[in-house]
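This report describes a protein model, from its overall fold to its pocket, its helices and selected single residues. The sequence and coordinates are shown first.

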Amino acid sequence: RRGANALLASLLTKDTTRRSAEEVAAAIEAVGGSFGEFCGHNSFGLHAEVLPGDAARALELLGDAVLRPAFRADRLEIEREAALAALKEGDDDVVT
């Protein structure tokens with residue numbers, strides 16, 4: 001179960017029923033913004049950072065991520081592999 005929140009949060013920032021992961025990235029990058037996730041042991045969330053004039057676009061992307069996630073099987077496998085690699089890397093870190 002370790003890493004489940006991080007995996008879920010990561011998937012939410014990718015594909016939606018309206019946009020592919022590439023389209024989501026292009027939409028936020030077009031305005032010079034950022035869109036990502038954060039998580040803890042028992043929580044997760046999404047964040048978007050844009051200039052005030054682009055707040056509507058950021059809210060639209062956040063809304064799509066929360067209300068219309070796609071959870072595509074191919075994307076799940078990509079993100080799962082990345083999450084497992086991050087967990088293994090953390091196991092090798094003496095501080096963690």
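F71 lies in the loop between α3 and α4. In this predicted model, the phi angle of F71 is near 50°, a positive value in a residue other than glycine. F71 is partly exposed, at a relative accessible area of 42%.

Two further residues were examined individually. G32 belongs to the loop that runs between α2 and β1. With a relative accessibility of 66%, G32 counts as exposed. The C-alpha atom of G32 is separated by 6.9 Å from that of V50, although the two residues are 18 positions apart along the chain. R75, by contrast, sits in helix α4 and is buried, its relative accessible area being 15%. Leaving aside residues up to four places away in sequence, R75 touches L11, K14, D15, A21 and E22.

The three residues are set side by side below.

| Residue | Location | Relative accessible area | Class |
|---|---|---|---|
| F71 | loop between α3 and α4 | 42% | partly exposed |
| G32 | loop between α2 and β1 | 66% | exposed |
| R75 | helix α4 | 15% | buried |

**Overall fold**

Four helices and two strands make up the secondary structure of the protein chain. Along the sequence they follow the pattern α-α-β-β-α-α. Taken along the principal axes, the C-alpha atoms fill a box of roughly 45 × 30 × 20 Å. The chain has 96 residues, of which 26% are buried. Among contacts between residues at least 6 apart in sequence, 63% join residues at least 24 apart.

**Helices α1 and α3**

In α1, which spans 4-12, the buried residues are L7, A9, S10, L11 and L12. The elements covering these buried residues include β1, β2, α3 and α4. One of the buried residues of α1, L11, is also among the residues that R75 touches.

Helix α3 spans 55-67. It contains 13 residues and reaches 18 Å from its first C-alpha to its last, close to the 18 Å expected at 1.5 Å a residue. Which residues of α3 are buried? They are A58, L61, D64 and A65. These residues lie on the same side of α3 because they cover an arc of only 130° around the axis. An α-helix has 3.6 residues a turn, so residues three or four places apart point the same way. The buried residues of α3 pack against α1, α2, β1 and β2. On the face of α3 turned away from its buried side are the exposed residues A56, L59, V66 and L67.

**The largest pocket**

The largest pocket holds about 500 Å³ of space. It is lined by 20 residues, and those closest to its centre are R2, G3, A6, C39 and L87. Three elements, α1 (4-12), β1 (34-39) and α4 (73-92), each supply at least two residues of the lining. Which of the elements gives the largest share of the lining? That element is α4, with seven residues. By class, the lining has eight nonpolar, seven polar and five charged residues.

Helix α4 thus appears in several parts of this description: it contains R75, it helps to cover the buried residues of α1, and it supplies the largest share of the pocket lining.

Terms used
Residues are numbered from 1 along each chain as its sequence is written. This is a predicted model: local features need pLDDT of at least 70, side-chain atom pairs count only at pLDDT 80 or more; totals for chains, interfaces and linings use all residues. Side-chain values use heavy atoms; hydrogens and water are left out. On a 1 Å grid over the protein atoms alone, a cavity is a set of points where a 1.4 Å probe fits but cannot get out, and a pocket is an open set with protein on both sides within 12 Å along at least five of seven lines; lining residues have an atom within 4 Å of a point. Grid points are joined across faces, edges and corners, and a volume is the space filled by probe spheres set on the points. Ala, Val, Leu, Ile, Met, Phe, Trp, Tyr, Cys and Pro count as nonpolar, Asp, Glu, Lys and Arg as charged, and the others, Gly among them, as polar. Buried means under 20% relative accessible area, exposed over 50%, partly exposed in between (1.4 Å probe, protein chains only). Contact means heavy atoms within 4.5 Å. The expected span of a helix is 1.5 Å times one less than its number of residues. The arc is that of the directions from the helix axis to the C-beta atoms.
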